[in-house]
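Hi,

Here is the structure I said I would pass on. Have a look first, and my notes follow underneath.

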Amino acid sequence: MKIAVFAGDGIGPEVTAQAVRVLDALAIAGLERVEGDVGGAAFYKHGHPLPQATIDMAHGVDGILFGAVGDFSCDHLERALRPEQAILGLRKELSLFANLRPAKLFAGMEGFSALRPEVASAIDLLIVRELNGDVYFGEKGIRKLPDGRRQGWDMMSYAEDEVARIAHAGFKAAQGRAKKLCSVDKANVLETSQLWRDVVIEVSAQYPDVELSHMYVDNAAMQLVKSPGQFDVIVTGNLFGDILSDQASMCVGSIGLLASASLGTRQTPYGTVGLYEPIHGSAPDIAGQNKANPLATILSAAMLLRHSLGLEAQAVRIEAAVARTLADGVRGGDLGGTATTTEIGDAVLARL
Ligand code: IPM
Ligand code: MG
């Protein structure tokens, strides 16, 4: 078993360090770990946010634990050299098209949600976000119109096979949960969404046990704060999924609590090759201050054990230790507490 840790920028190194401590504490026999450079950190070291050596490393491991990328000092660079290209490039390079973003309220955290406690307590949903297509990867540019005005443009598109494979991922996820799938689109305005909806309906014929519904993304954003308990699995495109998953994070209390798995179809001897990252960014404003919440990254490591290494029992152990840490009132600044990054890591280790 081999995993890679790509810590990246900002708080990335601090939070991944705590997740690595947790993995080390489990002392998993035969687990090898390598480290690679990504993001602004890689740009300053090697001149590229996703160096070839990192890509090669990524191809040779069962799973990747990813911190965060993003560095304001790189904002002036051409887009291809900006830190974000590291994560976008890895998702594409490894064909990681299915992004699983679970959002569940931890016991005792009702008071920390941006929603009223009785609304928040019902949250237990999974966003299945498509990760290889949409407006993210279409042609784009800034051009001059004939009259001299500048125009920015980004091409949104989905081919039917791209929709079908993420629909299958959504239906399969729903089969393992409460068997409800809500497909989120904007079919009242966008052709891309109309095709999305048609294909999801076609695929649904193979999953008669799953109850399928459709929702426009604006309504979904509203329903997510009005009554999030109605959702089991949400399947949606890359852009809508990016937005709705940040929104879901505040419904459970903090963006510092949401983990994610990005999966493709390549199998390891123990599961599926994947990349695992907190859904939050590099938070440059608090980087290097030992203030960031490492729990989302620690929970991402648990997902790595589950999906890529087939170590379900170890994943559950980590998740239970995180739940206990929160229940015992160990909280960082994002949750109104004073615990530092390392103290939160200590607390998880103690409960492990
Ligand atoms: C995320 C992030 C990324 C995205 C950025 C860093 C490119 O916001 O993983 O949600 O937009 O996908
Ligand atoms: Mg995002």
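I'll start with a helix: α1 (residues 12–26) lies across three strands, β1 (2–8), β2 and β3 (63–68), and its direction makes about 155 degrees with that of β1. Bear in mind throughout that this is a predicted model.

Now the sheet behind those strands. It is open, has ten strands and mixed pairing, and reads β2-β1-β3-β12-β11-β4-β5-β10-β8-β9 in order. The edges are taken by β2 (32–36) and β9 (211–216); each has a single partner strand, so one side of each has no neighbour in the sheet. On average, neighbouring strands here are turned by 20 degrees against each other, ignoring direction.

At the β9 end, β8 (residues 180–185) and β9 run parallel and are joined by six bridges. If you want one pair to click on, L181 has L212 in β9 as its bridge partner. Helix α8 (residues 217–226) also packs on the sheet, where it touches β5 (124–130), β8, β9 and β10 (233–236). The direction of α8 is at about 105 degrees to that of β9.

Then there are two residues I looked at individually. T297 sits in helix α10 (residues 295–307). Is T297 buried or exposed? With a relative accessible area of 0%, T297 counts as buried, because the cut-off for that is under 20%. Setting aside neighbours within four places in sequence, T297 is in contact with V15, T16, A19, L65, P278 and H280. Two of the elements above turn up again here: V15, T16 and A19 fall within α1 (residues 12–26), and L65 falls within β3 (63–68).

H46 belongs to helix α2 (residues 39–46). H46 is partly exposed, at 46% relative accessible area. Not counting residues up to four places away in sequence, H46 touches D37 and P51. As for distance, the C-alpha atom of H46 is separated by 38 Å from that of G337, which is 291 residues away along the chain.

Last, the ligand. Which residues surround ligand 1? They are R91, R101, R129, Y136 and D242. Three of these come with polar distances to oxygen atoms of the ligand:

- R101: a polar side-chain atom lies 2.8 Å from a ligand oxygen.
- R129: a side-chain N or O atom is 2.8 Å from a ligand oxygen.
- D242: a side-chain N or O atom is 2.9 Å from a ligand oxygen.

On its own, ligand 1 has 320 Å² of accessible area, and the protein covers 77% of that.

Cheers

Terms used:
Residues are numbered from 1 along each chain as its sequence is written. Chains are lettered from A and ligands numbered from 1 in the order in which they are written. This is a predicted model: local features need pLDDT of at least 70, side-chain atom pairs count only at pLDDT 80 or more; totals for chains, interfaces and linings use all residues. Side-chain values use heavy atoms; hydrogens and water are left out. Two strands pair if DSSP finds at least two bridges between them. Helices (H or I, at least four residues) and strands (E, at least two) are DSSP runs, numbered from the N terminus. Axes are lines fitted to C-alpha atoms, for helices over the stretch in contact, and angles run from 0 to 180 degrees between N-to-C directions. Contact means heavy atoms within 4.5 Å. Buried means under 20% relative accessible area, exposed over 50%, partly exposed in between (1.4 Å probe, protein chains only). A residue is near a molecule or strand if one of its heavy atoms lies within 4 Å of it. A polar contact is a pair of N or O atoms within 3.5 Å; within protein, one must be able to donate a hydrogen and the other to accept it, and residues adjacent in sequence count only if both atoms are side-chain atoms. Accessible areas come from the Shrake-Rupley method with a 1.4 Å probe; for residues, only the protein chains shown count as cover.
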